Each structure stands twice: as C-alpha cells, then as structure tokens.
Amino acid sequence: MSWRIANECAERRFGSAARKQIIMFLADKASDDGSGIWCSKGTIQRHTELGETTVKRIISEFLREGILVETGRRPCRNGYTVVYRIVINTIRMLEPIAEPDIDTGSTVDPVQPEPGRGSTVDGVGGPQWTPNHPKTIHKPPTRASAREAAAEVEDLESVKILAAYPEDRIRDRRTSLRLIAAAVKASVKPDDLLQAVKAYAKESEGYTRSKVCFSDNWFKMRRWEKGLAQMQADREKAREAEAKSRVSLAEWIHERHPLCRHITNRQIEDLIATKLVTPEQVRAAGLQA
C-alpha cells in the first residue's frame, strides 16, 4: 500500500460512496507513484462487495475522467488482467473534503478554533493536533529520519536503476531504492546493476503471475547476482576473443602477410602498446607505425 496515494484519495471527493470505496481499494494496491495496480474487476468486486455492473461502470468512469490510465496487460488464467495507474495530478484537482476554517464572529467569548495545547505549567505545551485530527492520521509510519528519507528519494542513481524494472512489478519503492543503494555501496557498479535489471526485464517479459517477482523481493534476494555473473562470463569471453585476435594480427605482421593491409591504425597502436609487435616490424610489413 502507498500511504501517499491513499492519503491523497482519502482527502478528495469522488461523488459517491461506491466510487470512493473503489479508489481506496485501488490505492491500497498502488506504488508511491500510483503505478503497479494489478487486480481484475472480479477481485475489486469481491473485496468491495459491490455489484459487477457497478464496478465496471465506475472503472470506465475513472478511465474516462483521467483518474486511472491503463499501463499494460498481464496474462492470467482467464486471459489477461489490466494494469492500472492512478494519476495523482488528476486526483489533486478534485474537490477536497476538508471543511474551511469558519470565523464565528464572536468577540465576547470566542470559540477556540483549535484543540488546546495542554498544561504549560511545566513550560511544555501539548500537541497542536489531537491524534485523530485529519491532518495527523495519514502520516507515514517510518523509523527513518526526514533527512534519511530525503536522501533515499534524491538518490537519482538508484531511481534510474529501479526505473528499468518492469513498471507493473515495482512494489514498496522506498525499500527497493534502499536495497539498490546498499548494493551499490557494497561495491556493485551502478552500470552493472542497471544492465542486470534490464536483462531480467527482457528475460521475464510475458511471465505469468506465478513467476512474477516484485522489485522489493528481487533486490532483497539479490537476484541481480545472476545477471552480474552472466555479464562477467560474457566479458571474459570477449577478452579471450580480443586476445586471440591480437595474436592473429601480430602473426600477420611478423609474416608480412598480404592481409596486413586490412589492419587499422588503431589496431596497430594497440599491438605496439601490448608489445606484440615493434614499430620496426610494422614498417617492415609495409604499414605505418
């Protein structure tokens, strides 16, 4: 569940109890950016206990009004399930439910507009808001300090890596970003981790729900290590092939083979730098050192 999306939806008017019930259910399935809502209309109907026609009508209304957008489809037993995203900018344009502050106009015995701050005998006032005040009920449950949370959000490198993960499988964005940052801090090169994520996204394209791995679990189980191992093996093969190629080119030069004319200046510089040939041998083969 994303407390950000749930908070935004909870503080807006949607026109009916059924519409509010459905949007709050969808917010419960969303990531912090509103994406990754993967549930069928039948699932919505079972959990909200609304009628099938009502659910279909309201989802259609949300799509038409721009409150929801379709971001993809996932295969399932009965065909496919649509993946939705809640458009936060559209939500913020809806009418808020909070009542405006009202001035009673009384000056003789004015009504106190806010809850008391408690005793100040000991020099410490009470809280500004009561625990059940609308402005306090949706605060995020986090143990991290505001500075630590901001640092996670501002880690653009981690954000870029997470963005390469399949959008409909991103879950618990904050935990995913923290795990990415921890992997990078533990000496994993960001570019390598990014390539591992892209490789998994390509490999898992079209997976059924039973094979899906959400981002928080994927990074927690360090499944990117498989991709890193494959990249390391590919690089080793490339290095071996490059070394063999250098040896072949050096032999052409030593033997003054007719194919020497196809050797480029860059390859000549590389052969001289690796001391497989000398400038004299290059010139003797009719090439420029």
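Is Ser-187 buried or exposed? Ser-187 is exposed, at a relative accessible area of 64%. This is a predicted model, and the close-ups below walk through a few spots worth a look.

**View 1. The whole chain, for orientation.** Before zooming in, here's the overall picture: 13 helices and three strands. Of the 289 residues in the chain, 32% are buried. The chain exposes about 19,000 Å², and carbon and sulfur atoms supply 51% of that area. Take the contacts between residues at least 6 apart in sequence: 59% of them join residues at least 24 apart.

**View 2. The largest nonpolar core.** This core has 25 residues. Ile-22, Leu-26, Ile-44, Ile-59, Phe-62 and Ile-86 are the ones with the most contacts inside it. Helix H1 (3–10), helix H2 (17–29), helix H4 (52–65) and strand E3 (79–86) each put in at least two residues. H2 gives the largest share of this core, with six residues. In soluble globular proteins, nonpolar side chains tend to be buried together.

**View 3. Up close with Ile-22.** Set aside the neighbours within four places in sequence, and Ile-22 still touches quite a list. Its contacts are Ile-44, Leu-50, Val-55, Ile-58, Ile-59 and Phe-62. Ile-44, Ile-59 and Phe-62 also turn up, along with Ile-22, among the residues with the most contacts inside the largest core.

**View 4. Another core, apart from the largest one.** A core of 20 residues lies apart from the one in View 2. Its members include Ile-170, Val-188, Leu-194 and Tyr-200.

**View 5. Two buried cysteines.** Cys-9 has 0% relative accessibility, so it counts as buried. Cys-39 is buried too, with a relative accessible area of 6%. If you're hunting for disulfides, the count for this model is zero.

**View 6. Ser-187, in the loop between H8 and H9.** Back to the residue we opened with. Ser-187 sits between helix H8 (173–185) and helix H9 (190–203). Its phi is near 85 degrees, a positive value in a residue other than glycine. With 64% relative accessible area, Ser-187 is over the 50% cut-off, so it counts as exposed.

**View 7. Arg-222, in the loop between H10 and H11.** The flanking elements here are helix H10 (215–220) and helix H11 (224–255). Arg-222 isn't a glycine, yet it has a positive phi of about 55 degrees. At 42% relative accessibility, Arg-222 counts as partly exposed, because that value falls between the 20% and 50% cut-offs.

Note on methods. Residues are numbered from 1 along each chain as its sequence is written. This is a predicted model: local features need pLDDT of at least 70, side-chain atom pairs count only at pLDDT 80 or more; totals for chains, interfaces and linings use all residues. Side-chain values use heavy atoms; hydrogens and water are left out. Helices (H or I, at least four residues) and strands (E, at least two) are DSSP runs, numbered from the N terminus. Buried means under 20% relative accessible area, exposed over 50%, partly exposed in between (1.4 Å probe, protein chains only). Contact means heavy atoms within 4.5 Å. Accessible areas come from the Shrake-Rupley method with a 1.4 Å probe; for residues, only the protein chains shown count as cover. A nonpolar core is a set of buried Ala, Val, Leu, Ile, Met, Phe, Trp, Tyr and Cys residues joined through side-chain atoms within 4.5 Å. A disulfide is a pair of cysteine sulfur atoms within 2.5 Å.
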